[in-house]
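Here is a short report on salt bridges, helices and a pocket. Keep the coordinates open while reading.

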Amino acid sequence: MGFLDTIFGVINDLTWGWALVPFLVVLGVFFTAASGFIQFRFFKRMFNVLRGTDEDNDPTKISAREALFISVGGRVGGGNIAGVAVAITAGGPGAVFWMWMIALIGMCTALVEATLAQVYKRTDENGDYRGGPARAIVSGLGENYRWLASIYAVCLIASFAIGFNAFQGNTVAGAALDSMEIPRLWTGLALSALTGVIVFGGIHRIAKAADVIIPIMAIGYIAMALIVIVLNIFSLPAVIWDIVANAFGLREAVSGGIGAAIAQGLRRGLFSNEAGLGSAPNVAATAYVKHPVSQGITQSFSVFIDTILICSCTAFVILLADVYQPGAEGIDGVALTQQSLVEHLGGWTQYFLTVAILLFAFSSIMYNYYLGENALTFMTENPMAVLVLRLAIMGIVFLGAVAPGATAVFSFSDPMMGILAVVNLLALMMLFPIAMRVIGDFRAQLAAGVAKPVFDPAKFPDLDTDPTAWPDAPGAKAAAAKA
């Protein structure tokens, strides 16, 4: 174990330690500039998916809205509650500003990777769509790059399906024990059983569950934060000034000053919104949409929801209270958020926050499982492999819940995600010209007055696309009419 810890430590240092965060930032800035700030140009269209006006939904398919909520459920988690508190404690209020900045840039990266996932998606034997970075690498770069796609798939299973699900089980059990005194064993059994009910229903049941859980979770948490903001409305300008002043070193709140604020804001923001890490595109590919860019815009919106909305809610709850003291040590993480809420609205909020954490964690478990399933089906078509994975996920969640010390075994998750992100970013760099061609097609149709652009694979004969995945294309309709 000591040898493995050393190996994983070296991988973590080579990825998250110094290379990956600058790589993500620079690439995000490049994508934003090269695409003409596309995430801002299409910002208004992002809200159409919530109203269901941007696409013609097929009840037999995963809708754009359902895919959005699955990815939001995966992105929104402990990082939005505990992670923001850690960023503020270690980097000062200025860290919040840099979280906002990395989210605005990451919205473009999310749009590009989701667009590519849609372009190269495939229709499976059940009529559902599957795709993601692994399939985009093989279809976009060729079979000679299958080894790179396989590395990606293995890392996705190891980090998200195994490691992070153990941590989520531990988070749920710890919250239930601390606030409700429910033994870990009972929480583990209940969580494992509920996980089984959802994952054995496949992506459709996951989508239906997310379509209910995520709006309740997000709206409830945002509503509570808005109550706090309204009650402290006259203090809000000072808090916003503190965030900006600390971000640019005009007022140092912690040792390290502006450097600590930037480092914490960027890292926590990237961990939270996952833009560029290559996870969310696996879900983006499942959606039935008329054009790949439509789902790219939708996934860009999920980054906005995660960081600009929900992370900001946590930040304002903390900074409008007196619990947080700049530079002081002691209370941090979820306890800081919890005690800040209690100061604002009373003791009952600690139970509300526990329920929020439970919903956040469970939505992440569903999301993490599907990422693992998608990676596994890329590696093998044996249906028994999926059955084994579903049973294993139930066991992993149970293990993480009942054995707090056992989660140390899953310390490989962060370095595996580091490799995952590096592979995804390399692929994005090589496939970016293709994404720009597809984005150009979307823009051209809008300029021609087409309200709902349609992707036609026949316009891109050099791309290895699946025509059956685009039933709205003119060629597909003509072929169906002849048949």
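Is D462 buried or exposed? D462 counts as exposed, because its relative accessibility is 53% and the cut-off for exposed is over 50%. The model is a predicted one.

**Salt bridges**

A search of the whole structure finds eight salt bridges. Three of them are tabulated here.

| Pair | Closest N to O | Sequence separation |
|---|---|---|
| R122 and D464 | 3.1 Å | 342 residues |
| R130 and E373 | 2.5 Å | 243 residues |
| R437 and D462 | 2.9 Å | 25 residues |

Start with D462. Its partner is R437, with the closest N and O atoms 2.9 Å apart. R437 belongs to helix α20, while D462 sits in the loop between α20 and α21. R437 is partly exposed, at a relative accessible area of 36%.

That loop also holds D464. The side chain of D464 forms a salt bridge with that of R122. R122 is in strand β1, residues 122-123. D464 is partly exposed, with a relative accessible area of 37%.

The pair of R130 and E373 has a different setting: how exposed or buried are R130 and E373? R130 counts as buried, because its relative accessibility is 14% and buried means under 20%. E373 is buried too, with a relative accessible area of 3%. The N to O distance in this pair is 2.5 Å. R130 lies in strand β2 (residues 129-130) and E373 in helix α18 (residues 349-379), so the salt bridge ties together parts 243 residues apart in sequence. R130 and E373 also join a network of salt bridges with D124 and R390.

**The second largest pocket**

Two members of that network, D124 and R130, appear again at the second largest pocket. Which residues lie nearest its centre? They are D124, E125, R130, R135 and T377, out of 24 lining residues. The volume of the pocket is about 570 Å³. Its lining comprises ten charged, nine polar and five nonpolar residues. Strand β1 and helices α9 (133-141), α12 (202-231), α18 and α19 (383-402) each give two or more residues to the lining.

**Two helices of twelve residues**

Helix α6 covers residues 64-75. At 1.5 Å a residue its twelve residues should span 16 Å, and its end C-alpha atoms are 16 Å apart, which agrees. Why is α6 described as largely enclosed by the rest of the structure? Eleven of its twelve residues are buried, so the description follows. Among the buried ones are E66, F69, I70 and R75.

Helix α13 covers residues 236-247. The expected span of its twelve residues is 16 Å; the end C-alpha atoms are 17 Å apart, which agrees. Its buried residues are L236, V239, I243, A245, N246 and A247. An α-helix has 3.6 residues a turn, so residues three or four places apart point the same way. After α13 comes G249, with a positive phi near 75°.

**A buried threonine**

T109 is placed in helix α8, residues 94-119. At 4% relative accessibility, T109 counts as buried. What does T109 touch, leaving aside its neighbours within four places in sequence? It is in contact with G28, F31, A275, G276 and L428.

Key. Residues are numbered from 1 along each chain as its sequence is written. This is a predicted model: local features need pLDDT of at least 70, side-chain atom pairs count only at pLDDT 80 or more; totals for chains, interfaces and linings use all residues. Side-chain values use heavy atoms; hydrogens and water are left out. A salt bridge is a side-chain nitrogen of Lys or Arg within 4 Å of a carboxyl oxygen of Asp or Glu. Helices (H or I, at least four residues) and strands (E, at least two) are DSSP runs, numbered from the N terminus. Buried means under 20% relative accessible area, exposed over 50%, partly exposed in between (1.4 Å probe, protein chains only). The expected span of a helix is 1.5 Å times one less than its number of residues. On a 1 Å grid over the protein atoms alone, a cavity is a set of points where a 1.4 Å probe fits but cannot get out, and a pocket is an open set with protein on both sides within 12 Å along at least five of seven lines; lining residues have an atom within 4 Å of a point. Grid points are joined across faces, edges and corners, and a volume is the space filled by probe spheres set on the points. Ala, Val, Leu, Ile, Met, Phe, Trp, Tyr, Cys and Pro count as nonpolar, Asp, Glu, Lys and Arg as charged, and the others, Gly among them, as polar. Contact means heavy atoms within 4.5 Å.
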